[in-house]
Amino acid sequence: MINKHNLAVIQKPPQKDLIDHLKVLLGEAECGELQGIAYAALYRGHLVGSSFTALDCPNAIIGALFKLQHKIMEAEHVA
């Protein structure tokens, strides 16, 4: 886990699109549709964390993460 000890001094507003996305994922998990997750998270102060839950099909998740890596890199070049 990320040590968020000194992050309170960095002022950033909540990200509504992030909150909305997490609510959708939570709803999918609560109804049993979402069965596993692997993620990277960006915290205030440019700290990052990552984790994953038990995965029935790890190769599919790894492939999706590789694809996501390229999408993020493409978006960075556009910005």
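Where does Lys12 lie? Lys12 lies in the segment before α1. The model is predicted, and this report walks through it element by element.

## Overall layout

The protein has 2 helices and 2 strands. From the N terminus on, their order is α-β-β-α. Of the 79 residues, 4% count as buried.

## Helix α1

Helix α1 covers residues 16-30, a run of 15 residues. At 1.5 Å a residue, the helix should span 21 Å. The C-alpha atoms at its ends are 21 Å apart, so expected and modelled lengths agree. Just after α1 comes Gly32, with a positive phi of about 90 degrees.

## The salt bridge

Side chains of opposite charge can pair when their charged atoms come close. How many salt bridges does a search of the whole structure find? The search finds 1. Lys16 and Asp20 form a salt bridge through their side chains, at 2.9 Å from N to O.

Both residues belong to helix α1. They are 4 residues apart there, which means about one helical turn separates them. Lys16 has a relative accessible area of 56%, so Lys16 is exposed, the cut-off being over 50%. Asp20 has a relative accessible area of 33% and is therefore partly exposed.

## The β1-β2 hairpin

Strand β1 spans residues 38-43, and strand β2 spans residues 47-52. The two strands run antiparallel and are joined by 6 bridges. Ala40 stands opposite Ser50 in β2. Ala41 has Gly49 in β2 as its bridge partner.

The hairpin has 3 residues between the strands. Gly45, in this hairpin, takes a positive phi near 80 degrees. His46 also sits in the loop between β1 and β2. Its phi is positive too, near 60 degrees, in a residue other than glycine. Most residues other than glycine have a negative phi. Is His46 buried or exposed? His46 is exposed, because its relative accessible area of 69% is over the 50% cut-off.

## The largest pocket

Rolling a probe the size of a water molecule over the atoms shows where empty space is left. The largest pocket holds about 1,200 Å³ of space. It is lined by 29 residues. Closest to its centre are Leu18, Leu22, Ala40, Ala41 and Leu42. The elements giving two or more residues to the lining are α1, β1 and α2, the last covering residues 58-78.

Which element gives the largest share of the lining? Helix α1 does, with 7 residues. By residue class, the lining divides into 18 nonpolar, 8 polar and 3 charged residues. Two of the residues named at the centre also appear in the strand pairing: Ala40, which stands opposite Ser50, and Ala41, which is the bridge partner of Gly49.

## Contacts across the sequence

Lys12 comes before α1, yet its C-alpha atom is separated by 7.2 Å from that of Arg44. The two residues are 32 residues apart along the chain. Lys12 is exposed, because its relative accessible area is 54% and the cut-off is over 50%.

A second pair is Asp56 and Gln35. They are 21 residues apart in sequence and 8.0 Å apart in space, C-alpha to C-alpha. Asp56 is found in the loop between β2 and α2. Its relative accessibility is 75%, so Asp56 counts as exposed.

Definitions and conventions: Residues are numbered from 1 along each chain as its sequence is written. This is a predicted model: local features need pLDDT of at least 70, side-chain atom pairs count only at pLDDT 80 or more; totals for chains, interfaces and linings use all residues. Side-chain values use heavy atoms; hydrogens and water are left out. The expected span of a helix is 1.5 Å times one less than its number of residues. On a 1 Å grid over the protein atoms alone, a cavity is a set of points where a 1.4 Å probe fits but cannot get out, and a pocket is an open set with protein on both sides within 12 Å along at least five of seven lines; lining residues have an atom within 4 Å of a point. Grid points are joined across faces, edges and corners, and a volume is the space filled by probe spheres set on the points. Ala, Val, Leu, Ile, Met, Phe, Trp, Tyr, Cys and Pro count as nonpolar, Asp, Glu, Lys and Arg as charged, and the others, Gly among them, as polar. Buried means under 20% relative accessible area, exposed over 50%, partly exposed in between (1.4 Å probe, protein chains only). A salt bridge is a side-chain nitrogen of Lys or Arg within 4 Å of a carboxyl oxygen of Asp or Glu. Two strands pair if DSSP finds at least two bridges between them.
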